[in-house]
Structure formats: structure tokens, C-alpha cells
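Subject: Structure handover

Hello,

Here is the structure I promised to pass on. Please open it alongside this note; my findings follow below.

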Amino acid sequence: MADIPDVTVDTFESEVLKADRPALVYYYATWCKPCQEMGDDLSAVADEVAERLKVVQVNTDKQGDIVKRQQIRTIPSFQLIHSGKSVTVIQGKQSRLELMGKLSAFVADSPTEAGDSAAEADDSPAESPESS
């Protein structure tokens, strides 16, 4: 199982925004039951995508500045960041299969194809409970 490192306001830029590959950022809180339930699935996803995505996590209670700057409004949430820019945000509890399905375009064989798909995916706004 993958050990997913926590990033802080001091390491977010170097570990995520300037990473050598796209980064999948998992936003969680220790008190969040859906976040707790995702542990094994998240580790399995991190293992599967390790060669193509850097997977890190942000404790939303301790890193409020990151949460505000990245405009995260729901936990658990996943944010894919490539070349310093947010590509997509996936909100809510996800099974391993659900998360891998949503990330499939970004973990394609060709990094160029993943980047092209990422740019297209960014055009649509993320859904929020308020817009329903």
C-alpha cells in the first residue's frame, strides 16, 4: 500500500505546483467519515498511478490557506494539477474503480495525450451542491 505524503503550505508549491508530473491532491479531514472510509481505495489508486501521477494529501483542518487558494469547498475532494494549474476537481467519496475511471484520461499511455485531455476537461465548471 502506498504511503501518501501530506503537503503543507510550505511544500505545496514545490511538491504539487512545480512537480515533475501531474499531481493528484486528496483533500481530507481526520473527522470526516467518508474520508476515513476511502483509505484503502486511495492507497490502491496511488499504487496504480504512481508512475504517471504524484499523489499527495492535504489535511484541510491544518492547511486552510491551501484549501482557500485552491477553492476546495467539499471533502473528500481530489484535485488534479498539471503544470501548476487545476485540471479537474472530483468531489465526494469515490471507490477505487470510480476514481480510476475518472482519472483514466489523465493516466493514458502518452503524457501528451493526458495533457490534451486535461485541457479539455478544465472547460466545464465543477458541480457544487449549491448549483443543484
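One term first: two strands count as paired if DSSP finds at least two bridges between them. With that in hand, Gln 79 in strand 3 has Val 89 in strand 4 as its bridge partner. Please bear in mind that this is a predicted model.

Overall layout

The protein chain has 6 helices and 4 strands. Along the sequence they run α-β-α-α-β-α-β-β-α-α. The chain counts 132 residues, and 39% of them are buried. Its accessible surface is about 7600 Å². Carbon and sulfur atoms make up 47% of that surface. Among contacts with a separation of 6 or more, 72% join residues 24 or more positions apart.

Confidence

Mean pLDDT for the protein chain is 84. A value of 70 or more is reached by 81% of the residues. Strand 1 has the highest confidence, with a mean of 97. Helix 6, residues 111-121, has the lowest, with a mean of 43. Over residues 110-132, pLDDT stays under 50. The model has 15 contacts beyond four places in sequence for that stretch.

Strands

Strand 3 covers residues 77-82. It is largely enclosed by the rest of the structure, because 5 of its 6 residues are buried. It pairs with strand 1 (residues 23-28) in the antiparallel sense, over 5 bridges. Within this part of the model, Ala 23 stands opposite Ile 81 of strand 3. Strand 3 also pairs with strand 4 (residues 85-91), again antiparallel, over 6 bridges. The hairpin of strand 3 and strand 4 has 2 residues between the strands. There, Ser 83 takes a positive phi near 55 degrees.

Gln 79

Gln 79 lies in strand 3. Is Gln 79 buried or exposed? Its relative accessibility is 1%, so Gln 79 counts as buried; the cut-off is under 20%. What do the side chains of Tyr 27 and Gln 70 share with that of Gln 79? Each makes a polar contact: 2.6 Å for Tyr 27, and 3.3 Å for Gln 70. Beyond its neighbours within four places in sequence, Gln 79 is in contact with residues including Ala 23, Leu 24 and Val 25. Ile 72, Ser 86, Thr 88 and Val 89 are also among them. Val 89 is thus named twice here: as a contact of Gln 79, and as its bridge partner.

Helix 3

Helix 3 spans residues 39-49. Its buried residues include Leu 42, Ser 43, Ala 44 and Val 45. Ala 46 and Val 49 are buried too. What covers the buried residues of helix 3? The cover includes strand 1, strand 2 (54-59), strand 3 and helix 5 (96-103).

Pro 76 and the cysteines

Pro 76 sits in the loop between helix 4 and strand 3. Pro 76 is buried, with a relative accessible area of 1%. Leaving out residues up to four places away in sequence, Pro 76 touches Tyr 26, Tyr 27, Pro 34 and Met 38, among others. Cys 32 and Cys 35 are also on its contact list, as are Ile 90, Gln 91, Gly 92 and Lys 93. Pro 76 and Lys 33 are 43 residues apart in sequence. In space they are 9.4 Å apart, C-alpha to C-alpha.

Cys 32 is buried, at 4% relative accessible area. Cys 35 is buried as well, at 5%. How many disulfides does the structure hold? The count is 0.

Gln 63 and Thr 8

Gln 63 lies in the loop between strand 2 and helix 4 (64-69). Gln 63 is buried, with a relative accessible area of 14%. Residues up to four places away aside, Gln 63 touches Val 7, Thr 8, Val 9 and Val 58.

Thr 8 belongs to the segment before helix 1 (12-17). Thr 8 is partly exposed, at 27%. Apart from neighbours within four places in sequence, Thr 8 is in contact with Gln 63 and Ile 66. Thr 8 and Gly 64 are 56 residues apart in sequence. Their C-alpha atoms are 9.6 Å apart in space.

Best wishes

Methods
Residues numbered from 1 in each chain as written. Predicted model: local features only at pLDDT ≥ 70, side-chain atom pairs only at ≥ 80, totals over all residues. Heavy atoms only, no water. Buried < 20%, exposed > 50% of the residue type's maximum accessible area, 1.4 Å probe, protein only. Contact = heavy atoms within 4.5 Å. Areas by Shrake-Rupley, 256 points an atom, 1.4 Å probe, with all protein chains shown as cover. pLDDT = per-residue confidence, 0-100. Polar contact = N/O pair within 3.5 Å; in protein donor to acceptor, adjacent residues only side chain to side chain. Disulfide = S-S within 2.5 Å.
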